[in-house]
Amino acid sequence: QVQLVESGGGLVQAGGSLRLSCKASGSGFNPYHMGWYRQAPGKQRELVAYVVRGGNAVYGDAVKGRFTISRDNAKNTVYLQMDSLKPEDTAVYYCNADDEVATLPGDYWGQGTQVTVST
């Protein structure tokens, strides 16, 4: 059974930084892509960023230039460094992964971690 466990959310002032981590586990699970989506109250879930096994990354327009995604394949862990945070970044952030190339977003989701950016 695949599990994604997130950590690192919290409360930060605008302009500050946070780092999220997500570790994937499960017998034989070797995710092709790992990433983050977020959902703010009253809004649809949106892509933050994802990174594929080879290291190429894709970012949502709202976070380009401010967030950096990376992964450690040996640890099946993905990280999201969030800098220059804005109040509009406030949302629940969900880790996402799949071992199928074409399944995007993937079938596996974390439980979500709250990020709150205050003014």
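How many helices and how many strands does the protein have? In this predicted model, the count is zero helices and eleven strands. Read from the N terminus, the order of elements is accordingly β-β-β-β-β-β-β-β-β-β-β. The C-alpha trace spans about 45 × 25 × 25 Å along its principal axes. The radius of gyration is 13 Å, which agrees with the value near 14 Å that a compact globule of 119 residues would have. Of these 119 residues, 42% are buried. Among contacts with a separation of 6 or more, 55% are between residues 24 or more positions apart.

A good place to begin a tour is the interior. The largest nonpolar core has 26 residues, and those that touch the most other members are Trp36, Val48, Phe67, Val78, Leu80, Met82 and Tyr93. Two or more residues of this core come from each of strand 3, strand 4, strand 5 (46-52), strand 7 (67-72), strand 8 (77-82), strand 9 and strand 11 (113-118).

Strands 3 and 9 also appear in the next feature, a covalent link. The structure holds one disulfide, formed by Cys22 and Cys95 with their sulfur atoms 2.0 Å apart. Cys22 belongs to strand 3 and Cys95 to strand 9, so the pair ties together parts that are 73 residues apart in sequence. The torsion about the S-S bond is -85 degrees, and the link of Cys22 and Cys95 is left-handed. Cys22 counts as buried because its relative accessibility is 0%, under the 20% limit. Cys95 is likewise buried, at 0% relative accessibility.

Aromatic rings make a second set of connections, with three aromatic pairs in total. In one of them, Phe29 and Tyr108 have ring centres 5.3 Å apart. Their planes stand at 75 degrees, over the 60 degrees required, so the pair is edge-to-face. Phe29 is in the loop between strand 3 (18-25) and strand 4 (33-39), while Tyr108 is in strand 10, and the two are 79 residues apart. The partners are not alike in exposure: Phe29 is buried at 7% relative accessibility, whereas Tyr108 is partly exposed at 30%.

Another pair is made by Tyr94 and Trp109, whose ring centres are 6.5 Å apart and whose planes meet at 85 degrees, so this pair is edge-to-face as well. Here strand 9 supplies Tyr94 and strand 10 supplies Trp109, with their positions 15 residues apart. Tyr94 is buried, with a relative accessible area of 16%; Trp109 is partly exposed, with 31%. Together with Tyr37, these two residues form one aromatic cluster. Arg45 joins the picture by lying over the faces of two of the cluster's rings. Its distance from the ring centre is 3.9 Å for Tyr94 and 4.5 Å for Trp109.

Just before strand 10 comes Asp107, in the loop between strand 9 (91-98) and strand 10 (108-109). Is Asp107 buried or exposed? Its relative accessible area is 57%, over the 50% limit, so Asp107 counts as exposed. Leaving aside residues up to four places away in sequence, Asp107 touches Ala97 and Asp98. The C-alpha atoms of Asp107 and Ala97 are separated by 6.8 Å, although the two residues are ten apart along the chain.

The loops also hold some backbone features that are worth a look. Most residues other than glycine have a negative phi, and most peptide bonds are trans. Against this background, a cis peptide bond joins Leu104 and Pro105, with omega about -5 degrees. Pro105 sits in the loop between strand 9 and strand 10. Positive phi values occur at Asn76, where phi is near 50 degrees, and at Ser84, where phi is also near 50 degrees. Asn76 lies in the loop between strand 7 and strand 8, and Ser84 in the loop between strand 8 and strand 9. Asn76 is buried, at 13% relative accessibility, while Ser84 is partly exposed, at 43%.

Definitions and conventions:
Residues are numbered from 1 along each chain as its sequence is written. This is a predicted model: local features need pLDDT of at least 70, side-chain atom pairs count only at pLDDT 80 or more; totals for chains, interfaces and linings use all residues. Side-chain values use heavy atoms; hydrogens and water are left out. Helices (H or I, at least four residues) and strands (E, at least two) are DSSP runs, numbered from the N terminus. Buried means under 20% relative accessible area, exposed over 50%, partly exposed in between (1.4 Å probe, protein chains only). Contact means heavy atoms within 4.5 Å. Rings of Phe, Tyr and Trp (its six-membered ring) pair if their centres lie within 6.5 Å; planes under 30 degrees apart count as stacked, over 60 as edge-to-face and the rest as tilted. A charge sits over a ring if NZ of Lys or CZ of Arg is within 6 Å of the ring centre and within 35 degrees of the ring normal. A disulfide is a pair of cysteine sulfur atoms within 2.5 Å. A nonpolar core is a set of buried Ala, Val, Leu, Ile, Met, Phe, Trp, Tyr and Cys residues joined through side-chain atoms within 4.5 Å. The radius of gyration is taken over C-alpha atoms; the globule rule is 2.2 Å times the number of residues to the power 0.38.
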